[in-house]
Amino acid sequence: MSLQKAIAKASPAKRRPAKVSPRIGLALAGGGPLGAIYEIGALCALEEAIDGLTFTDCDSYIGVSAGGFIAAGLANGLGPRELCAAFIENSAPAPDSVDPAELLQPAWQEYFDRLQLLPSLLAKASWATLVQGRSVLGAFERLGAALPTGLLSGDALAAQLQLQFSQPGRSNDFRQLNKRLVLVATDLDSGEATPFGLPGWDHVPISQAVQASAALPGLFPPVAIEGRHYVDGALKKTLHASVLLKEGLDLLICLNPLVPYESDPANSTRAKRARIPHLVDGGFPLVMSQTFRSLIHSRLELGIKRYEHTHPNTDIALFEPDHRDAEMFMANTFSYSQRHHLAEHAYQTTRAALRARADTLGPQLARHGLSLNQEVLADLDSRLLGELEIGAQARTAGALKRLRRALDRIESRLRKV
């Protein structure tokens with residue numbers, strides 16, 4: 001079933017009880033672990049600073065890739081602060097607390113399955129070269145089938161989410177939620193977007209849909225579901241927000257974590273202050289990062305303009321990092337190690353953006369019974385994690401590191417005895 005047919009088949013009125021206005025939707029783009037970290041920090045800032053806005057009470061949600069992980073949690077009643085405790089601080093009670101390191105497990109089964117193909121592929125390549133007279137390069141191209149399709153396994157993430165969503169008051173079944181949740185993946189064999197959660201696709205477990213939507217090719221193997229294979233939903237579009245706009249929303253809030261960095265070498269004053277005056281100086285990693293971000297962001301810009309034209313009765317509020325924010329650009333997209341710092345950074349920069357956009361955002365929110373809390377925004381001492389907590393965590397980590405070094409020295413000396 002195509003995405004368009006699934007949207008047309010959806011019947012919001014039959015899916016959930018009627019809600020009073022305004023109807024608010026939330027669209028979350030991807031961006032790997034960095035994207036999830038940014039979105040958690042930004043969502044905490046938005047919910048605290050906008051009176052009348054509760055992200056667990058939105059009418060509908062759509063998530064792509066890492067955004068699907070966050071959207072699924074919100075739709076199951078886990079608020080931004082609870083997600084922060086589970087994913088950033090690891091202070092939530094079991095089974096909600098997520099140790100990011102546990103999710104970065106090698107795809108051992110994929111390695112094993114591909115390795116088993118190697119003898120047969122070698123034999124066929126040798127036959128093609130020695131007997132059929134084909135070129136060595138052409139014959140041995142077949143060996144590419146023995147390479148793993150992904151380095152890391154997404155099974156741990158799916159298992160963790162299945163456990164979380166099986167707790168009382170939650171559900172791993174799209175059909176049991178009292179709100180719309182859509183998680184978009186890409187069908188690898190057709191290249192079409194698949195909207196898990198819409199009719200025809202709502203029988204797939206939420207945890208498995210999150211895994212499929214976040215299966216970035218090359219990093220995670222494609223996820224097999226009912227004989228088809230699925231990869232990251234961002235391959236088709238950045239947000240896929242049209243799925244929610246079809247439902248006649250009053251306000252759509254969009255979060256996009258990845259933006260291209262804006263450097264201005266011509267401006268000598270600013271270039272001296274910039275951490276990255278020339279991206280080319282960073283070599284291949286920065287050039288490719290800028291290329292990737294520019295591609296996905298250009299699609300987002302075109303999508304937002306199209307949404308505004310096709311759905312003029314829906315207000316659309318987009319939140320993303322500042323294009324001059326070197327902190328977010330330089331962060332490793334797949335690194336969890338700095339999650340405390342980056343989440344705090346996202347929280348603070350989102351609060352700053354709300355203050356800067358107050359004149360235009362205030363009237364937009366007011367049309368839907370929402371308002372900016374100026375007192376909250378004026379509190380410059382507000383923190384997501386708290387300086388004392390961050391300091392305590394840093395001191396604990398430092399102490400453990402020193403302890404490990406001391407134990408290593410003791411062990412080394414004992415071996416020499």
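Two strands are taken to pair if DSSP finds at least two bridges between them, and the strands themselves are DSSP runs (E, at least two residues), numbered from the N terminus, just as helices are runs of H or I with at least four residues. The structure described here is a predicted model, in which local features need pLDDT of at least 70, side-chain atom pairs count only at pLDDT 80 or more, and totals for chains, interfaces and linings use all residues. Residues are numbered from 1 along each chain as its sequence is written, and side-chain values use heavy atoms, with hydrogens and water left out.

The overall picture comes first. The chain holds 17 helices and twelve strands. Of its 417 residues, 49% count as buried, where buried means under 20% relative accessible area, exposed over 50% and partly exposed in between (1.4 Å probe, protein chains only). The accessible surface of the chain is about 20500 Å², and carbon and sulfur atoms account for 57% of this area; the areas come from the Shrake-Rupley method with a 1.4 Å probe, and for residues only the protein chains shown count as cover. Contacts (heavy atoms within 4.5 Å) reach far along the sequence: among those between residues at least 6 apart, 75% join residues at least 24 apart.

A good place to look more closely is strand β1, residues 24-28, which has parallel partners in β3 and β10. With β3 (residues 60-64), β1 forms four bridges, and Gly63 is the bridge partner of Leu28 there. With β10 (residues 251-255), β1 forms five bridges, and Ile24 stands opposite Leu251. Strand β10 in turn runs parallel to β11 (residues 315-319), again over five bridges, with Ile316 of β11 as the bridge partner of Leu252.

In a regular strand the side chains alternate between the two faces of the sheet. In β1, Ile24, Leu26 and Leu28 lie on one side and Gly25 and Ala27 on the other, and both faces are covered; five of the five residues of this strand are buried. Strand β10 is likewise mostly covered, with five of its five residues buried. Here Leu251, Ile253 and Leu255 point one way, while Leu252 and Cys254 point the other way.
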